[in-house]
Amino acid sequence: MTKSPFRPDDAPDASVLDMHRTLIRTLERRGLLRAGLTLGSLVMLTGCDVKRPEAVEEALLAISNLNDRVQALLFDANKLAPTYPASMILRPPKFNAYYDVTDVKPVNGATWKLELGGLIQNKRPWTLQDLQALPQRSIVIKHICVEGWSYIGGWTGVPLRTFLERTGADLRAKYVAFQTADNYPSSIDMAAALHPQTVLALQYGGQPLADPFGFPVRLRTAVKLGYKNPKWITAIEVTNTYPGGFWESKGFPWFAGM
Amino acid sequence: MKKERSPKDRRLHPLAIRVMHWINAAAMMVMITSGWGIYNDDVIINGLHFPGYLRLGEWAAWSVNWHFAGMWFFGINGLIYLTYGVATGRLRERLLPIRPRDVVKTVVETLHFKIAHEDLTVYNAVQKLLYILVILASINQALTGLALWKPVQFSSLVSLFGGFQSVRVFHFAGMVVIVGFVIVHVLLAVLVPKTIWAMLAGGPRLEKRRSPQGASK
């Protein structure tokens, strides 16, 4: 098995980014615009400031943060992603993670429980049977990776909106965050979570999810890039505190909306 | 020391054009080299990878961040340039008309190593064609870039180019055209250094326009 192309050759030390993240997240929009218009930041954009590369990274993250806001403004909650006939579903789907498929640790569906946290009224844990009993929705959508590759997949599961409504989640909160069995924290904005093409997927192509693709439950949303679709979900939290995510802590943009 | 110039005194490259030219030059370099960093993770042409010294960004995440930062400079600067060029009539004045016999003449002359550049204010037919080509390629980059960035919000743009993967090919092809242009452009500028000076200082003064501003209706 070849190395996943999604994994960087050598993962950079993310601690520097985490150190500055609060600062970056609290920057004012006006301040960003003003800072973006100075000659100094223009010079940084040309990559001339080689003596302080961390200053370049801070500037890039500040613009990335601004891009996240622009993307949230561009997002149309009623705009549906193109869908495809079931005959176009790729079987099996493409595997991708930050490790090889041989390192997948299957989750036992019989003992698996979905924990809830944060701004949710009823935090009773859910079993797989509980989820299967909820209304299901099937979508055949394109999975697009930030790397550029894409494939058409067919997913069936509980619309995340339905799940959040049933559990009494605060739908005005900013974020829905996920914990997974493979230590791949992820989070999306509430608007994307409530989009009709965002589901807690239980099936692929009419069959229960196979182990490498997130059994028993994974997120599939048509309005985010591939890395915003955590697999093997173990916990969901609704929060107003920025939760971040696995690749986001290494520099990738958080919003990643399509 | 310099004599006061009347506001109607026109230079080959007005200050606004010079500023936009150099912002664009920097933005394009950022977009091209960071684009190569993104490209490498899922190549379009088998076996074609861009080596590390040509890529901007330590790895893909930073190339993505460079690309999505540079896009604002490239896009907004380009939009102002096109608006300015159309509103002042500069694009029309510099780049039109192109007569086929002039193209043939220029090609023949170039093949005889006769690259006439005594008068910087007159662009030959091939120059005009190349400038139009690179403007079209840049518009292609902006549109396909927008489609790749927001394939759901701009899904009609994606279908216009024939689907997500073919948008990527168009985006790649646009890059190839621009890189080809940049190579020729820089090479010729170095061969005729006064063109570089003109883009810094403004270049020769222009005669009064034959027709008043906004000759285009």
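Biologist: Where in chain A is Pro92(A) found?

Modeller: This is a predicted model, and in it Pro92(A) sits in the loop between α4 and β1 (115-118) of chain A.

Biologist: What is the peptide bond from Arg91(A) to Pro92(A), cis or trans?

Modeller: The general idea comes first: most peptide bonds are trans, and most residues other than glycine have a negative phi. Here the bond from Arg91(A) to Pro92(A) is cis, and its omega is near -10°. Chain B offers a further case, since the bond that leads from Leu96(B) to Pro97(B) is cis, with omega near -5°. Pro97(B) belongs to the loop between α3 (90-95) and α4 (100-111) of chain B.

Biologist: What is the phi of Asn183(A), positive or negative?

Modeller: Asn183(A) has a positive phi, near 55°, and is a residue other than glycine. Asn183(A) lies in the loop that runs between β4 (175-180) and β5 (186-189) of chain A.

Biologist: How should the interface of chain A and chain B be read, and what is the area buried there?

Modeller: The size of an interface is often given as the accessible area lost when the parts come together. For chain A and chain B the buried area is about 3100 Å², with carbon and sulfur atoms giving 68% of that area. In residues, 42 of chain A are in contact with 28 of chain B.

Biologist: How many salt bridges and how many residue pairs in polar contact does the rule find across this interface?

Modeller: The rule finds zero salt bridges between chain A and chain B. By contrast, 13 residue pairs are in polar contact across the interface, both residues being at pLDDT 80 or more.

Biologist: Which elements of chain A supply at least two residues each of the side that touches chain B?

Modeller: They are α3 (39-45), α4 (53-74) and β2 (137-144) of chain A. The largest share, 10 residues, comes from α4(A). This side of chain A divides into 26 nonpolar, 10 polar and six charged residues.

Biologist: How many cavities of 30 Å³ or more does the structure hold?

Modeller: Rolling a probe the size of a water molecule over the atoms shows where empty space is left. In this structure there are four cavities of 30 Å³ or more. The second largest cavity contains about 100 Å³ of space.

Biologist: Which residues lie nearest the centre of the second largest cavity?

Modeller: Asn96(A), Ala97(A), Tyr184(A), Asn229(A) and Lys231(A) lie nearest its centre, within a lining of 15 residues. That lining comprises eight nonpolar, four polar and three charged residues.

How values were computed: Residues are numbered from 1 along each chain as its sequence is written. Chains are lettered from A and ligands numbered from 1 in the order in which they are written. This is a predicted model: local features need pLDDT of at least 70, side-chain atom pairs count only at pLDDT 80 or more; totals for chains, interfaces and linings use all residues. Side-chain values use heavy atoms; hydrogens and water are left out. On a 1 Å grid over the protein atoms alone, a cavity is a set of points where a 1.4 Å probe fits but cannot get out, and a pocket is an open set with protein on both sides within 12 Å along at least five of seven lines; lining residues have an atom within 4 Å of a point. Grid points are joined across faces, edges and corners, and a volume is the space filled by probe spheres set on the points. Ala, Val, Leu, Ile, Met, Phe, Trp, Tyr, Cys and Pro count as nonpolar, Asp, Glu, Lys and Arg as charged, and the others, Gly among them, as polar. Contact means heavy atoms within 4.5 Å. Buried area is the accessible area (1.4 Å probe) that two parts lose on being put together, summed over both. A salt bridge is a side-chain nitrogen of Lys or Arg within 4 Å of a carboxyl oxygen of Asp or Glu. A polar contact is a pair of N or O atoms within 3.5 Å; within protein, one must be able to donate a hydrogen and the other to accept it, and residues adjacent in sequence count only if both atoms are side-chain atoms. Helices (H or I, at least four residues) and strands (E, at least two) are DSSP runs, numbered from the N terminus.
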